[in-house]
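Dear colleague,

Please find below the structure that I am handing over to you. My notes on its fold, its cores and the contact between its chains follow.

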Amino acid sequence: MLSDNNHAAEDGLIQNKIAHRKKILAAFLIFTGLFALLFGRLVYLCGWKAEYYSAQAEELHERERSIKAARGRILDRTGKVLADNKTVCTVSVIYNQIEDPEEVIRVLGRELELTEEYVRKRVEKYSSIERVKSNVDKAVGDRIREYDLAGVKVDEDYKRYYPYDELASKVLGFTGGDNQGIIGLEVVYDTYMQGKPGKILTMTDAKGIEVESAGERRVEPVSGLDLCISLDMNIQTYATQLANQAMATKQADSVSILVMNPQNGEILAMVNVPEFDLNNPYDLPEGTSETLTAEEKQNLLNGIWRNGCINDTYEPGSTFKIITAAAGLSEGVVTPESSFSCPGFIIVDDRKIRCHKVAGHGSQDFTHTMMNSCNPALITVGLRLGIDNYYGYFEKFGLKTKTGIDLPGEAGTIMHKKENMGNVELATVAFGQSFQITPIQLLTTVSSIINGGRRITPHFGIKAVDGEGAVKETFTYPVKENIVTEETSAVMRNILEMVVSEGSGANGKVEGFSIGGKTATSQTLPRGSGRYIASFLGFAPAESPQVIALAIVNNPQGVYYGGQVAAPIIRQLYENILPYLGIAAYHE
Amino acid sequence: MAAQRRAKRKKKEQSEYFFDYSLLFIVLFLLGFGLVMIYSASSYGAFEEFGDTAYYLKKQLTAIIIGLVMMIAVANIPYRFWEHFYLIGYFVSIAIIWLVKTPLGVESHGATRWVKIPVIGMNLQPAEVAKLGMILFLAVLVCKMGRGVRTFRGFVLMMIFPLPAVAEIYLLTQNLSSAIIVMGISVLMVFVASPDYKKFVIMGLLVIAAAAVVIYLAVSSAENVAAGESDNFRFRRITAWLDPESDPSYTGFQTLQGLYAIGSGGIWGKGLGQSMQKLNFLPEAQNDMIFSIICEELGLFGAIAIILMFIMLLWRMMIIANNAPDLFGAMLVVGVMGHIAVQAILNIAVVTATIPNTGISLPFISYGGSSVMFLLVEIGLVLSVARRIQLKEL
């Protein structure tokens, strides 16, 4: 027995016991202290670090699939749908759920018309969810769904669809695979039309198998807003036909037609042929070499997508005489009755500048110089104004600034620096040469001269409406008043009406309507290449313009005069659209 | 008068001896709570693997029932009976560990820590036997040494005797944590037996210094590994502990997953059964890492409740040890107390990434049949000591 062994220490046992008790208490306190430390550590983990770790854990547990939001449609001024959505499918694979990878690779490769190598790469990639192909036809998506393959997900979403294929392609633009605008109005109004994508959040276990009891969290997508634009599908269609016709008959490189309301800047049509197919924007024209590098291909596509009315500048030629005339009238250096004499040329400093009529126009009043599009007379007006004044009007009319149109990539004006301008430069600018502006700039400036002096902002966007048709935002655009006086404006309308009724723009005449306008024939750089741009600018009714249009034929073969090539286009256009727009014909 | 005296004596006999119901209740609570948590943490994986959500629950319940029967038996045997077996206990502890090297050894997780008991077909961790054997041996040794324990020679002897078993556990079964526990139990028993403090403070400081050196070596070896030298898995555990996010796919993975579980539980927890991490994200969810699932489902408050239960358990044992009728009983209880305290503290420290990851289970709660059975036998010993406490001494 123990107590026997320790018999000698019987007395010490009591003391010993007290010492042991102290030691046991000390041990207990040490253990309790360690537990307290661990408790402190837990408070730190569960309190301070909780947010961090639970976010990490959530990321680990949740699989997210996004639901595309329906993109807002684009409607023309009559409510016709120009850009719509159709249901397509996105096919994805979930690595952890795939049971038979070979079968999946085989079926997806066949149905989606993809190479085995491409599908294999995606199927065998270790990721939570891997997109194999988006924008798959709904019929194909349904077929894949019927195979009922484990680990293959077919999600429906929307794809942009343009019912009129090529119509106004460079205006509307198109969207990319992620529902984002690439060019045109789709870019500018992206934030309105995009909407907010929704999400399906599911909880999964470590193998990626969905935990059914955890349910799924769904964040519903918010549809984008519909965009109502000023474009008129009928006018656009007809203008496109005319442009195609002109391009074919004149074997031109391209033809642009702009139709706008000069009172408020609403653009009714903007045609740039050749257009491209919005539903297949990446298709290259037939006969393109197939050995292009990616960069060459992209450059080619950028050229195809380019909107000549906005992205490119040109020398406006005689149509710019409208601006010179308006400046001269505003400054009072000329009146409609002022008389001019044209010997067929004019000497400016040491240069001899020819009139297009070699024999000269002889003696004529100012109105007739415009009707004849006489270069020396307009050069004289420009010289009378002087460089300072002329430059001042150039800026006042807004020609140095961009128009602010709601399309991306508007080109700026290319103009001489004021300090570099001599009389020769002034003379050439006065009849529309040696500088470059965009067609939309010319149309906007002329509009502000003939509408009573208000410089309007050309635009397409009118309002954004939601799915129920409630207006969410009405777009407003700046207007600059008093560019010219009402009197000058009236005189200019009158002169330009005379240009069409009796002068060089006679081909723009429309039976029963009063038309104002101006032709232009400009040589493209380099001079002497034999390349011309024929254009005509016309508005109606001449007294109170409701519509203004500009036709530009780029590099026509054969006859290249604006009066012969471009004016008939506008005439044909007006013959049809003036009655359509409800502009009353006068009866003589 | 005689009748009165008899009645008085009978009353005295009834109240003379003490049964610690509080201790029993705490143990039963921890076992019950452990069963609930094992079911919660393992049902998903169990269904996937065995088609039975209660697979682990049933096995654990069986072990607990056997354990409880053994506990009651031991509690009813006067503890002094075991005194005679101390040498057998010691040599069995040392011998049994060699069994893992025989065909009976069961390999799992890259280390052989279990032996299969023939006939019953149950796996037994020899380290558990060693813990119990060492408690018995040291308790007797302290008594045999008497005053000798106060001398330096006594201290050294007490420290040297357990070393063969500790070394075996570490070297043969690659089980660092069990080796630490056996060593911890021994140190605690020597600490209680010897009235001196200075030696232990110095020992503590040496351990801390050694830990610092090891951490330093691990960090510099990690740099060497980056430079192309071969690496060491224990060192990698240390670097993974220092920065689990740098290594989430290897050693740091379990630690990090445990932290995710603890952190996402927050203060109130996700609710019983709502853990996400147990869905195969967290390895050993029902076993070594069960405390992190408790934190995830029951939050900081669940964790406090468990920690408080352990503190109460230790407190009860302290009371029993302090009032034990003799030194042998007191030392037995101190040994068991050390075993449970060291194991629980190490487990929670590992789960919370307070110390480097090493496989260690939470007493009474983690899944593991042989562990819970041996713990219950130890509780039986404590109860047996408690029963010998004479109430008049209280």
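**Findings**

In chain A, residues 24 or more positions apart make up 72% of the contacts (heavy atoms within 4.5 Å) with a separation of 6 or more. This is a predicted model, in which local features need pLDDT of at least 70 and side-chain atom pairs count only at pLDDT 80 or more, while totals for chains, interfaces and linings use all residues. Residues are numbered from 1 along each chain as its sequence is written, chains are lettered from A in the order in which they are written, and side-chain values use heavy atoms, without hydrogens and water.

Of the 588 residues of chain A, 52% are buried (under 20% relative accessible area, 1.4 Å probe, protein chains only).

The largest nonpolar core (buried Ala, Val, Leu, Ile, Met, Phe, Trp, Tyr and Cys residues joined through side-chain atoms within 4.5 Å) has 141 residues. F291(B), F310(B), L313(B), M317(B) and F364(B) touch the most other members. Helix α13 of chain B (residues 327-351) gives the most to this core, with 19 residues. Among the residues that F291(B) touches are L42(A), I306(B) and L362(B).

Between chain A and chain B, the buried area (accessible area lost on being put together, 1.4 Å probe, summed over both) is about 4700 Å², with 72% from carbon and sulfur atoms. The contact takes 42 residues from chain A and 62 residues from chain B. There are 0 salt bridges (Lys or Arg side-chain nitrogen within 4 Å of an Asp or Glu carboxyl oxygen) between chain A and chain B.

Yours sincerely

How values were computed: Buried < 20%, exposed > 50% of the residue type's maximum accessible area, 1.4 Å probe, protein only. Helix = DSSP H or I, 4+ residues; strand = E, 2+ residues; numbered from the N terminus. Buried area = accessible area lost by both parts, 1.4 Å probe. Lists of a residue's contacts leave out its neighbours within four places in sequence.
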